[in-house]
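Hi,

Here is the structure I said I would pass on. Have a look at it first, and then read on for what turned up when I went through it.

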Amino acid sequence: MELRLGFEPRNEYLSYETWKGAMVLLRDVMLVKPGENVLVTGDTSSDRRVMEAFSAAAYALDAIPVCITYPTAPVSLLDPPKPIQAAAMEADVWFECAYQTVQHTLSWQAAIKNGVRYMCLTGIDVDMLTRCVANVEYDAMIEFGEYLKATIEKVDKIEVKSENGTNLVARQSGRKVRHSGQRGTIKGYPFMLGGQISWCPLESTINGTLVLDGALWPPADICILQDPIKLTLEDGVVTNIEGGRDAARMKAWIESYNDPACYRLAHYSLGFNPGVTAPTGRIVEDERVFGGIEFGIGSQGAAIMGEKWDAPSHTDGTILKPTLIFDDVVFEENGIYLDEKARELCRRMKVAGY
């Protein structure tokens, strides 16, 4: 993670904006109600200021906050300590702020099945909360996500290209799209920070070249890419990984799990949070770079509404300025939306250049 110019670790830094962002997420997005049990979890790499703001906002809404910190795990996708597993099973709403996310683990799946409304906020700090929540036209961003969702659900052929060499083709074949940044109206559902939709085309139709050039996480020692990673996709499976140091590290990391499911392309995700203009090394932000696209590789949950499979790993990598072609019509070119309705919504979100 790279700290942005002006970031300060003092409690008073962006304190007003932090409280505002916390209230937006709890009251307006996750719709926390009086009497609900709100669990806030983080590891020792989390920004405690954010965790405290979430807990205070829950208390102000007459909910019951429980805030737990535990040691940072060596890697992601490890079940959290058993007391947190038990707490998640009893919670109505769960905000996960841990740097090493527990999403996709068996205990996480059990909590989702039990009805918790979960929000993944891996690595969130006061800077991210301010730029991506407090200072964003959140209602317009949700509307933009709904428009993208409706558009893609009508598409058959999806092409993703980029000047970096990406040329990936797939068939949608009626697959549904998940708007992970919608309001928390559904019990037993994994929500995410606003500014992203996700889906998976028919897995066996995904073929071509994918060149990641923005960010990749995990493994934790990559984050912002220093050089591109070129992936070859055949029938939805990564068959070759090429590039420099980052590519070698990614390849070694996936190989270490010795599981073929780790090579499966799990999802496409479009990023459209106006508060994110460049990668920061925090993956929750990086996969929401405005106009960018992110790809998940490895374990895939049921929320994507494609195939579901378990793998011991899941990584997310991004392209900063993609070109999206839907049924031979260019919807976005080099990171700029050309579709007129999309451009209108960009103006409502006060995105520069529209």
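In this predicted model, the axes of helix α1 (residues 15-29) and helix α5 (residues 126-134) come within 9 Å and cross at roughly 55°. That angle makes α1 oblique to α5, and the crossing is left-handed. On the α1 side the residues involved are Glu 17, Thr 18, Lys 20, Gly 21, Ala 22, Val 24 and Leu 25, and they meet Val 126, Leu 129, Thr 130, Val 133 and Ala 134 of α5. Sorted by class, this contact has 7 nonpolar, 3 polar and 2 charged residues.

α1 also packs against helix α2 (residues 48-60): here too the axes come within 9 Å, with a crossing angle of roughly 55°. So α1 is oblique to α2 as well. This time the crossing is right-handed. From α1, the contact takes in Thr 18, Trp 19, Ala 22, Met 23, Leu 25 and Leu 26. Their partners in α2 are Arg 49, Glu 52, Ala 53, Phe 54, Ala 56, Ala 57, Ala 58 and Ala 60. The residues divide into 11 nonpolar, 1 polar and 2 charged. If you compare the two lists, Thr 18, Ala 22 and Leu 25 appear in the contact with α2 and also in the one with α5.

Just ahead of that helix there is a backbone detail you may want to check. Leu 14, in the segment before α1, has a phi near 55°, which is a positive value in a residue other than glycine. Asp 327 is another case, with a positive phi of about 50° although it is not a glycine. You will find Asp 327 in the loop between β18 (323-326) and β19 (329-333). Its relative accessibility is 34%, so Asp 327 counts as partly exposed.

While we are on the backbone, look at the loop between β11 (215-217) and β12 (223-224), where Pro 218 sits. The peptide bond from Trp 217 to Pro 218 is cis, with omega near -15°. The bond from Pro 218 to Pro 219 is cis too, with omega near 5°, and Pro 219 belongs to that loop between β11 and β12 as well. For context, most residues other than glycine have a negative phi, and most peptide bonds are trans.

On to the third helix pair. The axes of α6 (residues 138-153) and α9 (residues 340-348) come within 9 Å and cross at roughly 165°. The cut-off for roughly antiparallel is over 145 degrees, so α6 and α9 count as roughly antiparallel to each other. α6 passes α9 in a left-handed crossing. Ala 140, Glu 143, Phe 144 and Tyr 147 in α6 meet Lys 341, Ala 342, Leu 345, Cys 346 and Arg 348 in α9. That contact has 6 nonpolar, no polar and 3 charged residues.

Then there is the interior. Which residues touch the most other members of the largest nonpolar core? Of its 96 residues, they are Leu 25, Phe 54, Leu 231, Tyr 268, Phe 295 and Tyr 337. Helix α6 gives this core its largest share, 7 residues. Tyr 337 is a good one to click on: leaving aside residues up to four places away in sequence, its contacts include Phe 144 and Leu 148, along with Phe 272, Phe 290, Phe 331, Ala 342, Cys 346 and Tyr 354. Apart from the largest core lies another of 15 residues, among them Ala 91, Val 102, Ile 112 and Met 192.

Finally, two single residues. Is Ser 299 buried or exposed? At 2% relative accessibility, Ser 299 counts as buried. Ser 299 is part of strand β16 (residues 293-300). Not counting residues up to four places away in sequence, it touches His 104, Ala 266, Trp 309, Asp 310, Ala 311, Ser 313 and His 314. Gln 226, in the loop between β12 and β13 (229-234), has 60% relative accessibility and so counts as exposed. Beyond residues up to four places away in sequence, Gln 226 touches Arg 245 and Asp 246. Gln 226 and Thr 277 are 51 residues apart in sequence and 17 Å apart in space, C-alpha to C-alpha.

Cheers

Definitions and conventions: Residues numbered from 1 in each chain as written. Predicted model: local features only at pLDDT ≥ 70, side-chain atom pairs only at ≥ 80, totals over all residues. Heavy atoms only, no water. Axes fitted to C-alpha atoms, helices over the stretch in contact; angles between N-to-C directions. Helix = DSSP H or I, 4+ residues; strand = E, 2+ residues; numbered from the N terminus. Parallel < 35°, antiparallel > 145°, perpendicular 65-115°, else oblique. Left-handed = near helix turned anticlockwise from the far one by under 90°. Contact = heavy atoms within 4.5 Å. Nonpolar A, V, L, I, M, F, W, Y, C, P; charged D, E, K, R; others polar. Core = buried A, V, L, I, M, F, W, Y, C linked by side-chain atoms within 4.5 Å. Buried < 20%, exposed > 50% of the residue type's maximum accessible area, 1.4 Å probe, protein only.
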